Amino acid sequence: GTVSKWGEWVKSKPLVINGVESRWRILGKYDLVSTNDDGTIGLIDCKVSDSQRDSGQFYSPQLEAYAYALENPDKGKPFPVSTMGLLVWKLAGITETLDGKHGFGVTQHYLHVTRDQAQFKSLISDLIDVIEGDLPAAGPDCDTCNYLTKRLALESD
């Protein structure tokens, strides 16, 4: 494909979880979209990093969220996403130019990310369950309660 869009916001229709429309939507800003000859699009997320977590599996939920929003837009025409991937830049060293200025070099590589819509829907369903679920019981074993108690004590000192 050919890169045709970059840095645009996407917003989805309400997420459908277990066949039920929720009040939640995806809102995000992708890095690059490529347009393919068959009318589908490819999503490319750019990373500047030297981390072991720069893997397709780690970033798959982020890319699936963008894909969901593009395929299920709040408004406008849906765009089928056929490919996803990461474009990763890693620092390759600092250089000095002939005129005495400094810069840095990078290496880059592309990592294909395999689509896993079922995993994304399961993850987003679990997230919504946590957000909308019951609050944990207060008490000495509640980390949130202990944090708030300690914070209030520090603020009053």
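User: Buried means under 20% relative accessible area, exposed over 50%, and partly exposed in between. With that in hand, is D45 buried or exposed?

Analyst: Happy to start there, with the reminder that this is a predicted model. The relative accessibility of D45 is 2%. That value lies under the 20% cut-off, so D45 counts as buried.

User: Which residue forms a salt bridge with D45, and is that residue buried or exposed?

Analyst: The closest N and O atoms of the D45 salt bridge are 2.7 Å apart, and the partner is K47. K47 has a relative accessibility of 15%. Since the cut-off for buried is under 20%, the partner of D45, K47, is buried.

User: How many salt bridges does the structure hold?

Analyst: A little background helps here: side chains of opposite charge can pair when their charged atoms come close. D45 with K47 is one such salt bridge, and R23 with E132 is another. Counted over the structure, the number of salt bridges is 6.

User: How many residues apart are R23 and E132, the pair that links distant parts of the chain?

Analyst: R23 and E132 form a salt bridge whose closest N and O atoms are 3.0 Å apart. R23 sits in the loop between β4 (20-21) and β5 (27-29), while E132 belongs to helix α2. Along the chain, the number of residues by which they are apart is 109.

User: Which of those two residues is exposed, and which is partly exposed?

Analyst: R23 has a relative accessible area of 63%, over the 50% that marks an exposed residue. E132 has a relative accessible area of 44%, between the two cut-offs. So the exposed residue is R23, and the partly exposed one is E132.

User: Which residues are linked in a network of salt bridges?

Analyst: One salt bridge joins R115 to E71, with the closest N and O atoms 2.9 Å apart. R115 lies in the loop between β9 and α2 and E71 in helix α1, so this pair ties together parts that are 44 residues apart in sequence. R115 is partly exposed, with a relative accessible area of 22%, and E71 is also partly exposed, with a value of 22%. The linked residues are E64, E71 and R115.

User: What distance separates the end C-alpha atoms of helix α2?

Analyst: Helix α2 covers residues 117-132, which makes 16 residues. At 1.5 Å a residue, the helix should span 22 Å. The model agrees with that expectation, because the end C-alpha atoms are separated by 22 Å.

User: Which residues of α2 are buried, and within what arc do they fall?

Analyst: The buried residues are F120, I124, S125 and I128. Seen down the axis of α2, they line one face of the helix, because the arc they fall within is 130 degrees.

User: And which residues of α2 are exposed on the other side?

Analyst: The buried residues of α2 have cover that includes β3 (16-17) and α1 (56-71). Across the helix from them, the exposed residues are A118, D129 and V130.

User: S125 lies in helix α2; which residues is it in contact with, leaving aside neighbours within four places in sequence?

Analyst: S125 is buried, with a relative accessible area of 11%. Elements covering the buried residues of α2 include β3. Beyond its sequence neighbours, S125 is in contact with I17 and N18.

User: What is the phi of N18?

Analyst: N18 lies in the loop between β3 and β4, and it is exposed at 71% relative accessibility. Although N18 is not a glycine, its phi is positive, at about 50 degrees.

User: Which residues of α2 does I26 contact?

Analyst: I26 is found in the loop between β4 and β5, and at 10% relative accessibility it counts as buried. Its contacts beyond four places in sequence include V10, L15, A65 and Y68. Also in that group are two of the buried residues of α2, namely F120 and I124.

User: Which residues form the nonpolar patch on the surface?

Analyst: β8 (81-96) and β9 (102-113) each supply at least two residues of the patch. V106 is placed in strand β9 and is partly exposed at 42% relative accessibility. Together the patch residues have about 470 Å² of accessible area, and they are L91, I94, F104 and V106.

Technical notes
Residues numbered from 1 in each chain as written. Predicted model: local features only at pLDDT ≥ 70, side-chain atom pairs only at ≥ 80, totals over all residues. Heavy atoms only, no water. Helix = DSSP H or I, 4+ residues; strand = E, 2+ residues; numbered from the N terminus. Expected span 1.5 Å × (residues − 1). Buried < 20%, exposed > 50% of the residue type's maximum accessible area, 1.4 Å probe, protein only. Arc of directions from axis to C-beta. Contact = heavy atoms within 4.5 Å. Patch = residues over 30% accessible without salt bridge, like charges linked within 9 Å, V, L, I, M, F, W, Y side chains within 5 Å. Areas by Shrake-Rupley, 256 points an atom, 1.4 Å probe, with all protein chains shown as cover. Salt bridge = Lys/Arg side-chain N within 4 Å of Asp/Glu carboxyl O.
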